[in-house]
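User: Hi! Could you take a close look at the backbone in the loops here and walk me through it step by step?

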Amino acid sequence: MNVRTLQWLALGLTVAAAACGGGEPKPAATSTTTAPPAAAAAKPASSDAPRVFFVEPADGATVKSPVKLRFGIENYELSAVPKGDITAARPSMGHHHVGVDTDCLPAGTVIPKANPWVHHSGAQTEMDMQLTPGKHKLTLQLGDDTHTTIAGLCSSISVNVTE
């Protein structure tokens, strides 16, 4: 089996176990790629460098609100923030944050828990977002357990929202 097949198999088993488990699910931790195979054609050639990206919508897309956002990550571990007081970040783990009409924050900056940022501390990889009609810049930025930005793990796209 190739690596992608193993990743999808592991994801399927995780979803099945969570659906059948009955107890409180443990925080999910996935690694390498969370983008579905359909996104492979839109991605540039893979390298070992970690990156985050929008799986959908495509850059420059015309969309209607609510806009379905799906996030991808490669060569870095996506993990939910542990419960309780966090005093230090786990190395090489992070979660997504989406900013609307804002740029990437500099590495080492704490991402505000306020507008224009939406935090996905549970390691979510998609959301539906209400946006007003017009052109919007969407920024996807990875943060560690303390919501501090990680060098090089940010990307932005533009969308045009119609009524």
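**A close look at the loop backbone**

Analyst: Happy to! Let's start with Asn75, which is partly exposed, with a relative accessible area of 31%. Everything here comes from a predicted model. The label "partly exposed" fits because 31% lies between the cut-offs of 20% for buried and 50% for exposed. Along the chain, Asn75 sits in the loop that joins strand S4 (67-74) to strand S5 (77-79). Now look at its backbone: phi of Asn75 is near 60°, a positive value, and the residue is not a glycine.

Next, move on to His147, another non-glycine residue with a positive phi, here near 65°. You will find His147 in the loop between strand S9 (134-143) and strand S10 (149-162). His147 has a relative accessible area of 7%, and therefore it counts as buried, since the cut-off is under 20%.

Now let's turn from phi to omega, the angle of the peptide bond itself. Going from Glu56 to Pro57, the peptide bond is cis, and its omega is near 0°. Pro57 belongs to the loop between strand S2 (51-56) and strand S3 (62-64). Further along, the peptide bond from Asn115 to Pro116 is cis too, with omega near 15°. To find Pro116 in the structure, look in the loop between strand S6 (93-100) and strand S7 (117-119).

To recap, the positive phi values belong to Asn75 and His147, while the cis peptide bonds lead into Pro57 and Pro116.

How values were computed
Residues numbered from 1 in each chain as written. Predicted model: local features only at pLDDT ≥ 70, side-chain atom pairs only at ≥ 80, totals over all residues. Heavy atoms only, no water. Helix = DSSP H or I, 4+ residues; strand = E, 2+ residues; numbered from the N terminus. Buried < 20%, exposed > 50% of the residue type's maximum accessible area, 1.4 Å probe, protein only.
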